[in-house]
Amino acid sequence: MRVSGSFIVSVVVAVCVSTHVSAEGHLVRFLNRCGSGTPTLVQGGRTLSTGGDFVSNGPINSALAYLQTGQCGFNGENCATVEMTLTDSSGSFADISLIPPHAFNVGSVSFRFFGTCSGFGQTCASANCNTAMHSPDDTGAIVFCGQPDVNLLVEFCV
């Protein structure tokens, strides 16, 4: 029995298409309604975004988002930050941090997951809000999402 070359190519293509595995991906999006300031996303000493969407084709581990108003240090010192880890392997989480040296500095800071876990998030509209972490023990302010490919919207002055 003789097998044609085009038949072999067809079988190889079919096998490749049927075994396609979806890659991990996450998006961080900003919405700044304060009228000034620059949304900033940093991770490991690198600036990932200054306001535009940031797309990752893998996990985003230990990143910080804040509104740079001129008073914030590189890692958001003196400003409210949204801390995040977006990963498929162990779940994603985010929180608003007012743990010193972070401090409330804008009308409000908010985040929410979208895509998967849509609607889960927090808003902090004052220095005393109970939806932010004020000490490392405030773990109740952390929002968790166990779904893959979660995205995060960070808003200022909602």
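**Figure 1. Two salt bridges turn up in this predicted model**. Start here, with the pairs of charged side chains. Side chains of opposite charge can pair when their charged atoms come close. One of the pairs is Arg-29 with Asp-53, whose side chains meet at 2.8 Å, N to O. Arg-29 sits in strand 1, while Asp-53 belongs to the loop between strand 3 (46-49) and strand 4, so this bridge ties together parts that are 24 residues apart in sequence. Arg-29 is partly exposed, with a relative accessible area of 34%. Asp-53 is partly exposed too, at 41%.

**Figure 2. Glu-155 and Arg-112 form a salt bridge**. The N to O distance here is 2.8 Å. Glu-155 is part of strand 12 and Arg-112 is part of strand 8 (residues 109-114), so the pair links parts that lie 43 residues apart in sequence. How buried or exposed is each partner? Glu-155 has a relative accessibility of 5%, and because anything under 20% counts as buried, that is the label it gets. Arg-112 comes out at 36%, which makes it partly exposed.

**Figure 3. A wider look around Glu-155 in strand 12**. Which residues touch Glu-155, once its neighbours within four places in sequence are left aside? The list runs Leu-31, Arg-33, Ser-108, Val-109, Ser-110 and Arg-112. With Arg-112, the side chain of Glu-155 also makes a side-chain polar contact at 2.8 Å.

**Figure 4. Five strands line up in an open sheet**. Reading across the sheet, the order is 4-1-12-8-9, and the pairing is mixed. Strand 4 (54-56) and strand 9 (121-124) take the edges; each has a single partner strand, so one side of each is left without a neighbour in the sheet. On average, neighbouring strands here are turned by 15° against each other, direction ignored. In a regular strand the side chains alternate between the two faces of the sheet.

**Figure 5. Strand 1 pairs with strand 12 in the parallel sense**. Strand 1 covers residues 26-32 and strand 12 covers residues 151-156, with five bridges between them. If you want a landmark, try Val-28, which stands opposite Leu-152 of strand 12.

**Figure 6. A search of the whole structure finds two aromatic pairs**. A pair of aromatic rings is described by the distance of the centres and the angle of the planes. For Phe-30 and Phe-156, the centres are 6.4 Å apart and the planes make an angle of 15°, so this pair is stacked. Phe-30 comes from strand 1 and Phe-156 from strand 12, so the rings tie together parts that are 126 residues apart in sequence. Both Phe-30 and Phe-156 are buried. What about Phe-111 and Phe-113: how are their rings arranged? They are edge-to-face, 6.3 Å centre to centre, with 75° between the planes. Phe-111 and Phe-113 are both buried as well.

**Figure 7. Ser-56 sits in strand 4**. Buried or exposed? Ser-56 has a relative accessible area of 10%, so it counts as buried. Where does its side chain go? The side chain of Ser-56 reaches the backbone oxygen of Gly-58, at 2.7 Å. Ser-56 also has company from elsewhere in the chain: leaving out neighbours within four places in sequence, it is in contact with Glu-24, Gly-25 and His-26. Take His-26 from that list: it is 30 residues away from Ser-56 along the chain, yet their C-alpha atoms are separated by 5.2 Å.

**Figure 8. Strand 5 pairs with strand 2 and with strand 6**. Strand 5 spans residues 60-68 and strand 2 spans residues 38-43; they pair in the antiparallel sense over six bridges. Among the bridge partners here are Thr-40 and, in strand 5, Tyr-66. Strand 5 also pairs with strand 6 (residues 81-86), again in the antiparallel sense, this time over four bridges. To find your way between these two, look for Leu-64, whose bridge partner in strand 6 is Glu-83.

Methods:
Residues are numbered from 1 along each chain as its sequence is written. This is a predicted model: local features need pLDDT of at least 70, side-chain atom pairs count only at pLDDT 80 or more; totals for chains, interfaces and linings use all residues. Side-chain values use heavy atoms; hydrogens and water are left out. Two strands pair if DSSP finds at least two bridges between them. Axes are lines fitted to C-alpha atoms, for helices over the stretch in contact, and angles run from 0 to 180 degrees between N-to-C directions. Rings of Phe, Tyr and Trp (its six-membered ring) pair if their centres lie within 6.5 Å; planes under 30 degrees apart count as stacked, over 60 as edge-to-face and the rest as tilted. Buried means under 20% relative accessible area, exposed over 50%, partly exposed in between (1.4 Å probe, protein chains only). A polar contact is a pair of N or O atoms within 3.5 Å; within protein, one must be able to donate a hydrogen and the other to accept it, and residues adjacent in sequence count only if both atoms are side-chain atoms. Contact means heavy atoms within 4.5 Å. A salt bridge is a side-chain nitrogen of Lys or Arg within 4 Å of a carboxyl oxygen of Asp or Glu.
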